[in-house]
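Please take a guided tour of the structure below, with your viewer open beside the text. Each stop says what to select and what is there.

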Amino acid sequence: MKIEKITLYHIKLKLKQPFETSFGRIETKETLLVKIESQGFIGWGESAHLTLPLYTSEYLEGGKTLLVKHILSNILGKDFKTPKDLINTYSFLKGNNISKAGVEMALWDLLARKKGLPLYKMLGSNNHSCEIGVSIGIEKDTKIIIEKIKKYLLEGYKRIKIKIKPGQDIEVVKKIREVFPDISLMVDANSAYSLDQIDIFKKLDKYNLLMIEQPLADDDIIDHAKLQKIINTPICLDESIHSFEDARKAIELGSCKIINIKPARVGGINETIKIHDFCQKRGIPVWVGGMLESGIGKSFLDHIATMSNFTLPGDNSDSSRYFEEDIVENSRLQDKGVINISDNPGIGLEPNQELLNKHTVDKIIFDI
Ligand code: OSB
Ligand code: MG
């Protein structure tokens with residue numbers, strides 16, 4: 001389809017509560033929405049950057065410049081039959097997967113809408129629901145985390161993830177396990193540790209955690225393999241996996257038993273499918289990770305999480321978990337920790353125009 005018009009929206013959504021991880025604290029989610037238009041159809045995508053390069057080396061202003069100057073301006077007026085055709089136009093640009101993912105996903109949405117198919121059918125799934133978990137940030141007092149867990153369990157979330165950092169790890173898990181001995185619980189360290197701190201992981205190993213997400217540095221897949229040999233709890237990689245090649249190498253080395261696939265981090269849906277299929281062949285379960293996306297980005301995660309090897313609940317929580325006000329309203333039906341995806345074409349929803357205008361801080365239009 002020939003791309004006739006592109007609009008890039010830079011939006012700001014206030015979080016209900018700050019979200020703290022070992023790399024920092026996020027109070028407002030800034031994110032980029034990509035809208036592409038062709039033959040009367042519209043496709044939406046989201047490049048869910050963070051404002052600073054704390055999680056990966058990408059960050060919003062850098063990604064925005066790249067999109068404006070070198071990606072969006074270059075694809076305007078071009079004709080794409082498949083997402084691969086689109087990827088070929090920018091694959092010479094290294095990295096910057098979060099930026100690329102927003103455009104790639106917008107094309108998937110556009111192609112699905114043109115065909116009149118919900119995205120999950122384009123991905124080959126027949127299943128139209130997925131189970132969701134929730135990711136809880138670091139708090140000063142573990143009592144606050146315990147209250148949050150109670151609330152989220154009542155809302156039906158199927159898996160609880162808590163963020164840890166040195167000094168706020170074993171004790172926090174111990175206290176949570178005293179109150180909730182059997183819940184599906186995992187921890188995410190966001191690369192805050194090194195192998196010198198192996199004793200911490202040996203202790204965490206006793207708490208029957210579903211997995212430990214990204215304990216060591218993103219480029220430390222050798223040390224992750226050493227750690228995985230010593231502990232029984234499965235290691236899940238997040239930051240280390242930017243591509244199918246990264247996943248292949250990590251699995252070959254035994255660096256993890258689970259992978260968190262974030263379409264944003266790997267450049268979109270094409271790479272997501274490659275990683276998903278490879279992991280399935282190797283018996284590595286996957287789940288869909290999030291970047292505190294708006295309802296647009298999250299709805300992609302819902303569709304993706306229907307694929308057959310996404311056997312663990314994802315971080316595609318409901319908008320009500322994140323924002324005072326999202327740009328998508330009442331969109332993603334949540335029934336006791338399960339998202340039931342609509343059969344509308346594409347991702348099946350659009351931003352509310354009024355809310356989008358209200359939360360847009362910058363808008364750039366490309367027109368032929
Ligand atoms: O490590 O998975 C992560 C949010 C921003 C950056 C990195 C991470 C996260 C989360 C929250 O854990 C995921 C979500 O609920 O969207
Ligand atoms: Mg993570």
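The tour begins with the whole chain and then moves to the ligand.

Start with the protein chain in cartoon view, and keep in mind that this is a predicted model. The chain contains 13 helices and 14 strands. Now show only the C-alpha atoms: along the principal axes, they fill a box of roughly 60 × 40 × 40 Å. The radius of gyration of the protein chain is 20 Å, which agrees with a compact globule, because a globule of 368 residues would have a value near 21 Å.

Next, select ligand 1. Ligand 1 sits in the largest cavity.

Then select the residues around ligand 1, 17 in number. The closest are K163, N190, L292, K298 and Y322. Colour this shell by class: eight residues are charged, six are nonpolar and three are polar.

Now look at single contacts. Which atom of K298 lies 2.6 Å from an oxygen atom of ligand 1? For K298, it is a polar side-chain atom. Move to L292, where a backbone N or O atom lies 2.8 Å from an oxygen atom of ligand 1. At M291, a polar backbone atom is 3.4 Å from an oxygen atom of the ligand.

Last, show the surface of ligand 1. Taken alone, ligand 1 exposes 390 Å², and the protein buries 100% of that area.

How values were computed. Residues numbered from 1 in each chain as written. Chains lettered and ligands numbered in written order. Predicted model: local features only at pLDDT ≥ 70, side-chain atom pairs only at ≥ 80, totals over all residues. Heavy atoms only, no water. Near = heavy atom within 4 Å. Polar contact = N/O pair within 3.5 Å; in protein donor to acceptor, adjacent residues only side chain to side chain. Areas by Shrake-Rupley, 256 points an atom, 1.4 Å probe, with all protein chains shown as cover. 1 Å grid on protein atoms, 1.4 Å probe; cavity = no way out; pocket = protein on both sides within 12 Å on 5 of 7 lines; lining within 4 Å. Sits in = over half its atoms within 2 Å of the grid points. Nonpolar A, V, L, I, M, F, W, Y, C, P; charged D, E, K, R; others polar. Helix = DSSP H or I, 4+ residues; strand = E, 2+ residues; numbered from the N terminus. Rg over C-alpha atoms; globule rule 2.2 N^0.38 Å.
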